[in-house]
Amino acid sequence: MFARIESAFCAANFDSFVASFENLYDDFLCDKIRPTHERAPLCGEDFCETFAHFWNLHFVEPRKIRRPAHTKSTQAIAKILHSIAHIEMSAIVLALDSAYRFRELPHGFYADWLEVARDEISHFQRICALLSELGFTFGAFVVHDELFAALCCTQDSLELRMGIVHRGLEARGLDANPFVQSKLATTELALKKEICDTMNLILCDEISHVHKGNVWWKSCATRPFLRLCESFRFRLAGKILNERARIAAGFSQSEIDELRNFYQT
């Protein structure tokens, strides 16, 4: 299985990557391939660079990304969708890297993160299709490397990967989704309903993804979640928490209250 994931990451382009992934995922579901733990994993930076080259992405610091303040133009909507596509693209790498990088774990671990990678591919393709309807392609705007940085700084620790990435940063996406939806809902574009339907699908799937991260983080956690928030340089929660989605994903009300208090102080 790990050799097949490496092969997918080494594809010449995104379409070839998707075809390779779909074949290996079908074989995994049919029990035709299994994890064999003799191979040492490749460096996570290699996978990030491969994906960046698929679209010749141009990276800038997160604080230099200017988010549209309105949705009055096609380009403004395209920029918002492009930022969502970038998050989904990064999430593909993060999920598949988690299935690849961490060894000697139960079968359910690999099943979970291959399933998440499949979902993220679908999300990315849907957003790119919306971009295309607006006359844009992925790679048309600059992006940040925050999620790739998260992959690299958590690649040596299952606890950090599950906690910071899949329970932290993905849950921050749960917080952001309603606000992005409300902004996109103000557009007068004909594809507004399709955009909103896609955002609702992403929210539903991401609740499941965060729940998986929550389960696996709890299986290996050695410190409270707030300690991760203190040690990681990026925020692991939005400015306003999506309590309903977080509870559905496995957060307790007391954890939500602690997170709110931590980031407000």
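**Figure 1. The charged end of Arg-167 over the ring of Phe-251 in the predicted model.** In this predicted model, the charged end of Arg-167 is placed over the ring of Phe-251, at 4.1 Å from the ring centre. A second ring takes part in the view, since Arg-167 also lies over the face of Phe-225, where the distance to the ring centre is 4.8 Å. The close-up should therefore be read with Arg-167 as the shared residue, its charge sitting within 6 Å of each ring centre.

**Figure 2. Aromatic pairs around Trp-55.** The structure holds 27 aromatic pairs, and two of them that include Trp-55 are shown here. Phe-14 and Trp-55 form a tilted pair, with 5.2 Å from centre to centre and 45 degrees between the planes. Because Phe-14 belongs to helix α2 (residues 14-29) and Trp-55 to helix α3 (residues 44-55), this pair ties together parts of the chain that are 41 residues apart in sequence. Phe-14 counts as buried, at 11% relative accessibility, and Trp-55 is likewise buried, with a relative accessible area of 18%. Trp-55 also pairs with Phe-138, in this case edge-to-face, with 5.2 Å between the centres and 85 degrees between the planes. This second pair links distant parts of the chain, as Trp-55 is in helix α3 whereas Phe-138 is in the loop between α5 (107-133) and β2 (143-144), 83 residues apart. The ring of Phe-138 belongs to a residue that is buried, with a relative accessible area of 7%.

**Figure 3. The salt bridge between Glu-159 and Arg-223.** The side chains of Glu-159 and Arg-223 meet in a salt bridge with an N to O distance of 3.2 Å. Their pairing links distant parts of the chain, with Glu-159 in helix α7 (residues 158-184) and Arg-223 in the loop between α8 (192-220) and α9 (225-231), 64 residues apart. What is the accessibility of each partner? Glu-159 counts as buried at 8% relative accessibility, whereas Arg-223 counts as partly exposed at 33%. Salt bridges that share partners also occur in this structure, where they join Glu-115, Arg-118, Asp-119 and Lys-212 into one network.

**Figure 4. Salt bridges of Asp-119 and Asp-31.** Among the 15 salt bridges that the structure holds is the one between Asp-119 and Arg-118, whose closest N and O atoms are 3.0 Å apart. Asp-119 is buried, with a relative accessible area of 13%, while Arg-118 is partly exposed, with a relative accessible area of 36%. Another of the salt bridges brings together the side chains of Arg-34 and Asp-31, at 2.8 Å from N to O, and here Asp-31 is partly exposed, with a relative accessible area of 40%. As background to these views, side chains of opposite charge can pair when their charged atoms come close.

**Figure 5. Cysteines without a disulfide, Cys-43 and Cys-229.** How many disulfides does the structure contain? The count comes to zero. For Cys-43, the closest cysteine sulfur is that of Cys-152, and because the two sulfurs are 6.3 Å apart, they are too far from each other for a bond, the cut-off being 2.5 Å. Cys-229 is in no disulfide either, as its nearest cysteine sulfur, in Cys-153, is 13 Å away. The surroundings of these cysteines can be described by their accessibility: Cys-43 counts as partly exposed at 35% relative accessibility, and Cys-229 counts as buried at 4%.

**Figure 6. Thr-187 and its contacts.** Thr-187 is placed in the loop between α7 and α8, and this threonine is buried, with a relative accessible area of 1%. When neighbours within four places in sequence are left aside, the residues in contact with Thr-187 are Thr-71, Ile-77 and Lys-192.

**Figure 7. Confidence along the chain, with strand β1 and helix α10 as the two ends of the range.** The mean pLDDT of the chain is 92, and 100% of its residues reach 70 or more. Where in the chain is confidence lowest, and where is it highest? Confidence is lowest in strand β1 (residues 59-60), at a mean of 82, and highest in helix α10 (residues 243-248), at 98. As a general caution for reading predicted models, where pLDDT is low, the predicted coordinates should not be read in detail.

How values were computed: Residues are numbered from 1 along each chain as its sequence is written. This is a predicted model: local features need pLDDT of at least 70, side-chain atom pairs count only at pLDDT 80 or more; totals for chains, interfaces and linings use all residues. Side-chain values use heavy atoms; hydrogens and water are left out. Buried means under 20% relative accessible area, exposed over 50%, partly exposed in between (1.4 Å probe, protein chains only). Rings of Phe, Tyr and Trp (its six-membered ring) pair if their centres lie within 6.5 Å; planes under 30 degrees apart count as stacked, over 60 as edge-to-face and the rest as tilted. Helices (H or I, at least four residues) and strands (E, at least two) are DSSP runs, numbered from the N terminus. A charge sits over a ring if NZ of Lys or CZ of Arg is within 6 Å of the ring centre and within 35 degrees of the ring normal. A salt bridge is a side-chain nitrogen of Lys or Arg within 4 Å of a carboxyl oxygen of Asp or Glu. pLDDT is the predictor's confidence in each residue, from 0 to 100. Contact means heavy atoms within 4.5 Å.
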